[in-house]
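Reader: Could you take me on a close look at the salt bridges in this model, and then at the surroundings they sit in? I work with charges and contacts every day, so please be as specific as you like.

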Amino acid sequence: MEGKQSGSAEQKTVTEFRAVSEKPYLEDKDAAAGGAEPAVAVDSVLSRPLGPTPSQSRFQVDLITESSGCPAEAAEKAGREGSVLGKSSEEAKGRFRVNFVFTDLSVGDETPGESGGGSSESGNVSLQNGGDAMLSEGSLHSEGRHHHHYYDTHTNTYYLRTFGHNTMDAVPRIDHYRHTAADLGEKLIRPSLAELHDELDKEPFEEGYANREEGMPTGEAIATYIPDSKGAVKFGWIKGVLVRCMLNIWGVMLFIRLSWIVGQAGIGLSVVVIAMATVVTAITGLSTSAIATNGFVRGGGAYYLISRSLGPEFGGAIGLIFAFANAVAVAMYVVGFAETVVELLKENGTMMVDEMNDIRIIGAITVVLLLGISVAGMEWEAKAQIVLLVILILAIGDFVIGTFIPLDNKKPKGFFGYKAEIFAENFGPDFRNEETFFSVFAIFFPAATGILAGANISGDLADPQSAIPKGMLLAILITTLVYIGIAVSVGSCVVRDATGNVNNTIVTELTNCTTAACKLNYDFSSCQTGCQYGLMNNFQVMSMVSGFAPLISAGIFSATLSSALASLVSAPNIFQALCKDNIYPGFLMFAKGYGKNNEPLRGYLLTFLIALGFILIAELNTIAPIISNFFLASYALINFSVFHASLAKSPGWRPAFKYYNMWISLVGAILCCIVMFVINWWAALLTYVIVLGLYVYVTYKKPDVNWGSSTQALTYLNALQHSIRLSGVEDHVKNFRPQCLIMTGAPNSRPALLHLVHAFTKNVGLMICGHVHMGSQRQAVKERLTDLAKYQRWLIKNKMKAFYAPVHAEDLRDGGQYLMQAAGLGRMRPNTLVLGFKRNWRQADISDVETYINLLHDAFDIQYGVVVIRLKEGLDISHLQGQEEILSLQEKSLCYKDVIVKVGYSKKAETDAFSIGFVPSSKEDGETPMQSLLKKNSKGPFSPLNLADQRLLDASTQFLKKQGKSNIDVWWLFDDGGLTLLIPYLLTTKKKWKDCKIRVFTGGKINRIDHDRRAMATLLSRFRIDFSDIMVLGDINTKPKVENIAAFEEMIEPFRLHEDDKEQEVADKMKESEPWRITDNELELCRTKTYRQIRLNELLKEHSSAANIIVMSLPVARKGAVSSALYMAWLEALSEDLPPILLVRGNHQSVLTFYS
């Protein structure tokens, strides 16, 4: 249906969306669950061409409701009246009303509460079309305003009309690739794979972002973020980059020191000095251009470029010193300006106090004025820069014109105009006062810096990717040509030494003239060492040569003030970007921006205070080389960033600027480092120390950011290359490492298991935490995706060098098989399965016991070693609410003795709130230092843990403590290849276990005990494993105590078949349906082995009850011969009521060798 709408075709429009919902879009689960498609807009919208076109209508979107009883009737009514009026308690599942409103109509009369959109007469038209709604791209865009709108595409809101068909699948579009807070357009979210692929009656779930985009926001941020971009000032490449770079590069050096450099180095070497500086800055410019065109650039300049390339460690270090360098540079330039003003005052005999204090007073007044211009806004600052550039260009032009007008009164001061004699004489060097080529280069090089002045305000550029390369490289070219031109010009016009005395003219022609001045009828030989004029002696040569000297002074003022202004703007912008990233949490307050341009006013104030402080100190000769080195360190890292990114071969490194080379960038980085030492060696060392210190600090703090840096890319590339290289190497017994697959479930539910295995695999072998998700595939896949990121972060946070590997399977056995066969990569695959002992096996479903035992059999079939770990208190703490918090508090309070942990539960089940309190058991009143902290979330009554749970909590952290001088008892009864011996040895190499001694127990015959002990001692010494004692047990096969046998028989009674007491047919059927049952025949055949387990438990209690940990050979049960219940009973009888015990069985391949 088409709605009739009034108004002329020229009416301007603005797009406005309004969703009547209190929750952020992405958090609206009920809406997301709906299978219905969104309401359809007017047919005329569907006929619009794709692409961002200027809006031609105003429309608003309201969430609508529909009667659950008669949706067809509601649709029919919508077709008749042009609006939807259905109301019910159930919200429409993803359906929206689209109202088109022309701007000449009264928009203000509409209220969000209206359920209808009015009638077609009022200009509002709404339409539904079978639950499938499509809007063209033009209808979703508004270029009349700069508002950003975010659509809930997960409730099937708006999708493009794809190839002329109504479909949810979206065509490629730039808005799908934006960051949410992008300044240039809206962030649209393409339909998820689940929305396209899942069954229609299923609720699509959000898979999350597998390839994380930087700064991906929460749903609330998407719903509320509307940047105030109206009226923001954005600069093009000329005003934003070219002008700033030229002003910053053309500094005081151009007018005051360039003539002196020509005098010292000569024209030839001066050009070489300028060319060398240009090589460094040009390479840096190319590198900066490459980084700036590799994606959208935000505010932060050098910091942003380096941090997004090399990561937060280098970026955080450089960002801080670069911002500080710019702040101090303000003081340097202002003091240069103040010194020039004071010199003029001295010439006119005017002084306020004395020279030093006058510099301070004028400097302070100047920096206040510059602050005022900066705070007034970037637009005023840009206008000031244009004025200063005009003055600077006029000053340069004034000098050039002056060189062509040689006046007689200037000849005594050494200026003769362009003369071949002067050019020839000044072409070669004439170093004086211990100056060298490198010392002159060190003086000149700071004049070439300033190339990042445009990049530093990247956030205020309309198109940084285009503006930065064009503006910067052109600025380098123009300024270099001007520097070379002025150097050649002044070297061709002015002699090195002149007296300024008119009487030094030569009346008679001399035949033996050697100097250019002599050839031009002037004799300046009287002051070869103390002349006041000439290139070597007078810093005001350019003023003297110029046609109008005051204009040169104005140029000096312009150069200093423009550089100071550029630095005053750069420092706060860089610092604000640094603070926004929260690299240094203490500086977060400086991240706040004000006004339409997000001005960093707090940063301006801080920069002002730093600059004012250094102006008042006025010891800039000491600080200047450090600042130059800070800038050079930034240049070095920018060059290194390009080399590093190219070396990492990341597919994301695709700069639009192609005129760069990774090796040239590396050379540029090395040159920057060399120049740092040339300028000042101690300042270079200090810079390295500061950068390294900040790098270590940021690395230690591990900021929670992910920018896809080249460091990550290179880490991946190195890991991939080494893994492939490792795959080509055959395994060797000397390089065997226990690589453990631990069946932990959720890693935080069995911390003791994790801590113990981590103790012998840390920095030695692989550790993978296997987690089998069971149940419906859909729910399990959803949980797996969520848990993968969650638990890997948990492992990293708890400093566990491990991987988390979740799988979905029908049961634990299948999941274990999947993990054992597929976990790992190349040679980095698990070879040992680690499980916790199934403590509740007698109460559990017997099918679970079957699965558990079959998992051990599967491990042996796949040639894995097996480790079963048992703590008498248990391993699983998942039934304790808030176990992570309890554990962390337990770990922090290990110094407190006699502490009772109380866990309180909130009455509100849905909040799962908990509170923990530590109460001292002593009679003293008062709290422990932790108690007030722990009670802060207290809601509801405390319910103290029972004694078993209290012991379980204590046991879960026991392997985090230093183990002290105790024993690790190794019961190496059967030769499994040496894994039973290798694990305790690896434990003793760790800091917490190093004081423990290994005691070895082995079986033998009573009449051969000494022989067996010597044989074992010889074997251990060959293996180079230290031990404190060896005990040979000759009574292992002695019959156990009667009461222990009776206890064992009582334990297995519920699992016995008792076929002798049943008819043969009944017994066979039971055995077939319940294969886990223990038959009388099986029990009789395995009686000797059963007695051995019971007897070993007696010996363990006798010899090892005081050990820190016991490592013992795991008994092996033959498949099909020993039932699951009997095998489980053996493990129970063997390990009950003992210290922590590891039942270990290798795969019977040697893991120890005594060969070199």
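Author: Happily! A salt bridge here is a side-chain nitrogen of Lys or Arg within 4 Å of a carboxyl oxygen of Asp or Glu. With that cut-off in hand, Asp 430, Arg 432 and Asp 497 turn out to be linked in a network of such bridges. Please keep in mind that this is a predicted model. Across the whole structure, a search finds 21 salt bridges.

Let me start with a pair that spans a long stretch of sequence. Arg 308 and Asp 581 meet through their side chains in a salt bridge, at 2.8 Å from N to O. Arg 308 belongs to helix 10 (residues 301-310), while Asp 581 lies in the loop between helix 19 (549-580) and helix 20 (601-617), so this pair ties together parts that are 273 residues apart in sequence. Buried means under 20% relative accessible area. Arg 308 is buried, at 15%, and Asp 581 counts as buried too, at 17%.

The loop that holds Asp 581 has another point for you to look at. Asn 582 is also found in the loop between helix 19 and helix 20. Its phi is near 55°, a positive value in a residue other than glycine. Asn 582 is partly exposed, with a relative accessible area of 34%. A similar feature turns up at Lys 649, which has a positive phi of about 55° although it is not a glycine. Lys 649 sits in the loop between helix 21 (620-648) and helix 22 (662-679), and at 63% relative accessibility it counts as exposed.

Back to the bridges. Asp 876 forms one with Arg 750, and the closest N and O atoms are 3.5 Å apart. This pair, too, links distant parts of the chain: Asp 876 is in the loop between strand 7 (865-870) and helix 29 (883-892), and Arg 750 is in the loop between strand 3 (740-743) and helix 25 (751-761), 126 residues apart. Asp 876 counts as partly exposed at 29% relative accessibility, and Arg 750 is partly exposed at 24%.

Now for a bridge within a single helix. The side chains of Asp 1010 and Arg 1013 meet at 3.3 Å, N to O. They are three residues apart in helix 33 (residues 1009-1022), which means about one helical turn separates them. Asp 1010 is partly exposed at 48%, as is Arg 1013 at 32%.

What about charges gathered on the surface? Lys 702, Lys 762, Lys 799, Lys 801, Lys 991, Lys 992 and Lys 994 gather there in a patch of positive charge. Patch members have no salt bridge and over 30% relative accessible area. Lys 992 is one of the members, and it is partly exposed with a relative accessible area of 36%. It lies in the loop between helix 32 (979-988) and strand 12 (997-1003).

Helix 32 itself makes a nice contrast with that lysine. Nine of its ten residues are buried, so the helix is largely enclosed by the rest of the structure. Among the buried residues are Leu 979, Leu 981, Leu 982, Ile 983 and Pro 984.

The surface has a nonpolar patch as well. Val 400, Ile 401, Phe 404, Ile 405, Leu 407 and Tyr 418 form it, with about 560 Å² of accessible area together. Ile 401 is in helix 13 (residues 378-403), and it is exposed, with a relative accessible area of 53%.

For an interior position, try Gly 770 in strand 4 (residues 767-773). Gly 770 is buried, at 2% relative accessible area. Its C-alpha atom is separated by 6.4 Å from that of Leu 741, although the two residues are 29 apart along the chain.

You may also want to know about covalent links between side chains. A disulfide is a covalent bond between the sulfur atoms of two cysteines. The search of the whole structure finds zero disulfides. Cys 673 is in no disulfide, and the nearest cysteine sulfur, that of Cys 672, is 6.8 Å away. Cys 673 is partly exposed at 28%, whereas Cys 579 is buried with a relative accessible area of 1%.

Key
Residues are numbered from 1 along each chain as its sequence is written. This is a predicted model: local features need pLDDT of at least 70, side-chain atom pairs count only at pLDDT 80 or more; totals for chains, interfaces and linings use all residues. Side-chain values use heavy atoms; hydrogens and water are left out. Patches are made of residues with over 30% relative accessible area and no salt bridge: like charges are joined within 9 Å, nonpolar side chains (Val, Leu, Ile, Met, Phe, Trp, Tyr) within 5 Å. Accessible areas come from the Shrake-Rupley method with a 1.4 Å probe; for residues, only the protein chains shown count as cover. Lys and Arg count as positive and Asp and Glu as negative; His and the chain ends are not counted. The place of a charge is taken as NZ of Lys, CZ of Arg, CG of Asp or CD of Glu. Helices (H or I, at least four residues) and strands (E, at least two) are DSSP runs, numbered from the N terminus. Buried means under 20% relative accessible area, exposed over 50%, partly exposed in between (1.4 Å probe, protein chains only). A disulfide is a pair of cysteine sulfur atoms within 2.5 Å.
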